[in-house]
Amino acid sequence: MGQYMPGNSVFHKMRGTTKLICFFWILTAVLLTDSAAGFFLLFLTAGASIALAGIGLRNMGKTIARLKVFFSVIFLMNLFFFSPEQAWWSCWIFHISPAGFEQGAGVVMRVVFLLVFSRILIATTTPVELTGALEILLLPLGVFGISTGELAMILSVAVQFIPILSKEADQIRKAQIARGAKFESGHLRDRAKSVLPVVIPVFLAAFRRADELALAMEARGYRKTKAQRKQCKFRVHVRDVQAVVLSCAVCITQILL
Amino acid sequence: MKHQLSEVKCAVLTAASIALCIVLPMAFHAIPNAGNIFLPMHIPVLICGLVCGWRYGLLCGIAGPVLSAVLTGMPPAAVLPGMAAETAVFGVAAGFMMKTVHTKRLFPDLYISLITAILLGKVISGAAKALIFSAGQYSMAAWVSASFITAWPGLLLQLALIPAVVAALEKSKLIPARYPKKSGRFQ
């Protein structure tokens, strides 16, 4: 799982809201890319972002390598099944064509770039900062009568639940291993069977914790009200403006390319 | 007597379900390609819809995949919009059906709601992918393959596991009983 990496880089100093806005611009740019020049621009942007975030190429490489099977499957599916026209090689339903190669490589590169940018966001932003940023960005939904305070509370509690439930799931998994469950060996069916006894206890543990928390909140007088918005300090630094302008420029350039 | 969850409890249970959307796929990581085969992220969304209602199901359906993509990089952003649309429909349909269907027995209610939600989710996400997210690149064969052929173990798992989990939650009194047993003394 992507973890926050403490540091002192420009990205670490930037506001969570700014990083999230930049991430959405870059996300749009990645999805719009379909030319070699566009991919080169993304490559330059990703390289500069990795250097500025101080994450390290090895760390980034590990993140990408974890998904090598997924990338291979996506590439091969596109390569063999995309188009039978002008095929380099054909056999039964399999056709290797230039269009399939181009499509497969394009999809894999887009996913790699998205992975790189989301890793940079997560590695330089704490979960609490990220939730606060989401709360600020969700504020306009209040116009439609949606309780952004409740929404932010749910997201904040969810983020805080993740490490607790992750630990709980790990403990249950170890308990099942002690009882003879085989998670990492055997046939696919056996491994699936061994996962099943983990799922129900994990759900019960999660709902029990949620029940306790809800009880504690109600006991302390928590009610759904409109005035549960925390005060937001809109102090914008020059680097925040620069980052938004740059990411917006990357997105517009992608549209023009 | 009113047998309903309070809004605060619904909100916190939804938060737990969103967290499970991230934790559960990690538990399945030992199995290669488990995400596409066992669909672990769908389970908390469907349970949230069934237990907390369509509004919270919708929130869990959207926030679960989005938070997971942001925090873990999975599902990849290219797949995210289609998946979020699918899980959002799961949450809404499960909650709405659970509110509408009353057969006076828990398991028929759960199975009717669950099967309708799964089918609706698959159809609407397929339509969304074909018309919006992958317009021109998504075929009927790809939809059948991804939704039913590759994912049949996941569908079986959902049908076996979700009613069992909801029943276990009722039994352990973590959620109120849908059809509370009447005490003989006061009848």
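Q: Which residues of α3(A) are buried?
A: Let's start with the inside of this predicted model. A residue counts as buried when its relative accessible area is under 20%. In α3(A), the ones that qualify are A:Gly38, A:Phe39, A:Leu42, A:Thr45, A:Ala46, A:Ser49, A:Ile50 and A:Ala53.

Q: How wide an arc do the buried residues of α3(A) cover around the axis?
A: An α-helix has 3.6 residues a turn, so residues three or four places apart point the same way. The buried residues of α3(A) sit on the same side of the helix, while A:Ala36, A:Phe40, A:Phe43 and A:Ala51 are exposed on the other side. The arc covered by the buried ones is only 130°.

Q: What do the buried residues of α3(A) pack against?
A: Their partners come from chain A itself. Those partners are α1, α2, α4, α6 and α10.

Q: How far apart are the end C-alpha atoms of helix α3 of chain A?
A: This helix has 18 residues, running from 36 to 53. At 1.5 Å a residue, it should span 26 Å. The model agrees with that, because the end C-alpha atoms are apart by 25 Å.

Q: Is A:Val245 buried or exposed?
A: You'll find A:Val245 in helix α10 of chain A. The cut-off for exposed is over 50% relative accessible area. A:Val245 has 53%, so it is exposed.

Q: What is the C-alpha to C-alpha distance between A:Val245 and A:Trp25?
A: Along the sequence, A:Val245 and A:Trp25 are 220 residues apart. In space, C-alpha to C-alpha, they are separated by 9.8 Å.

Key:
Residues are numbered from 1 along each chain as its sequence is written. Chains are lettered from A and ligands numbered from 1 in the order in which they are written. This is a predicted model: local features need pLDDT of at least 70, side-chain atom pairs count only at pLDDT 80 or more; totals for chains, interfaces and linings use all residues. Side-chain values use heavy atoms; hydrogens and water are left out. Helices (H or I, at least four residues) and strands (E, at least two) are DSSP runs, numbered from the N terminus. The expected span of a helix is 1.5 Å times one less than its number of residues. Buried means under 20% relative accessible area, exposed over 50%, partly exposed in between (1.4 Å probe, protein chains only). The arc is that of the directions from the helix axis to the C-beta atoms. Contact means heavy atoms within 4.5 Å.
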